[in-house]
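Look at the sequence and the structure below. The paragraphs after them start from one helix and move on to what surrounds that helix.

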Amino acid sequence: MEQRISLVTLGVTDVARAKAFYEQLGWRGQEVEETVFFQAGGLALVLWSRDKLAADAGITDPSTGAMTLAQNVRSRAEVDELIVTAVRAGAEVTRPARETFYGGYAGCFADPDGHVWEIAWNPGFPLGPDGALTVPDFGATG
């Protein structure tokens with residue numbers, strides 16, 4: 001597993017309120033399907049409903065799903081390889097790898113302290129040679 005984080009997703013109770021807060025701090029993002037994406041250097045900060053984030057990560061307690069870390073990888077096979085490696089290291093799979101609604105492939109695991117990681121191949125979010133993620137232009141405003 002490369003020492004890299006592609007996305008930090010914050011589970012929020014009110015997406016509009018959270019977006020407004022970050023905009024008041026000077027951040028500019030794109031909202032798509034009740035999800036806000038901010039380019040933050042070589043990674044993305046994402047705001048998403050806490051309940052949806054917990055459900056997506058396979059966590060039954062939404063308070064546990066307050067944040068997930070994600071690493072985007074270059075292939076479906078790499079998703080599977082990294083999840084197997086994490087399990088061997090002591091992780092618990094919270095959502096087996098599967099096709100995603102956005103046309104990618106992803107799975108989630110919790111480290112021994114319960115921190116949730118998503119490992120994802122997402123053809124819509126290009127990775128640079130150094131692993132830096134670029135948030136695509138969704139054509140959304142604000």
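What should the 13 residues of helix α3 span at 1.5 Å a residue, and how far apart are its end C-alpha atoms? The model is a predicted one. Helix α3 covers residues 76–88, and its expected span is 18 Å. The end C-alpha atoms lie 19 Å apart, which agrees with that expectation.

Now consider which parts of this helix face inward. The buried residues in α3 are E78, V79, L82, I83 and A86. They sit on the same side of α3, because they cover an arc of only 135° around the axis. The general rule is that an α-helix has 3.6 residues a turn, so residues three or four places apart point the same way. The buried residues of α3 pack against four strands: β5 (67–72), β6 (92–99), β7 (105–110) and β8 (116–121). After the helix comes G90, which has a positive phi, near 115°.

The next step is the nonpolar interior. The largest nonpolar core has 20 residues, and those touching the most other members are F38, L47, V79, F109 and I119. At least two residues of this core come from each of β1 (7–12), α1 (15–24), β3 (35–40), β4 (43–49), α3, β7 and β8. Helix α3 gives the largest share, four residues.

F109 can be followed in detail. Leaving aside residues up to four places away in sequence, F109 touches I83 and A86, then A91, E92, V93 and T94, and also H115, V116, W117 and I119. There is also a second, separate core of eight residues, with F37, A44, V46 and A70 among them.

Key:
Residues are numbered from 1 along each chain as its sequence is written. This is a predicted model: local features need pLDDT of at least 70, side-chain atom pairs count only at pLDDT 80 or more; totals for chains, interfaces and linings use all residues. Side-chain values use heavy atoms; hydrogens and water are left out. The expected span of a helix is 1.5 Å times one less than its number of residues. Buried means under 20% relative accessible area, exposed over 50%, partly exposed in between (1.4 Å probe, protein chains only). The arc is that of the directions from the helix axis to the C-beta atoms. Contact means heavy atoms within 4.5 Å. A nonpolar core is a set of buried Ala, Val, Leu, Ile, Met, Phe, Trp, Tyr and Cys residues joined through side-chain atoms within 4.5 Å.
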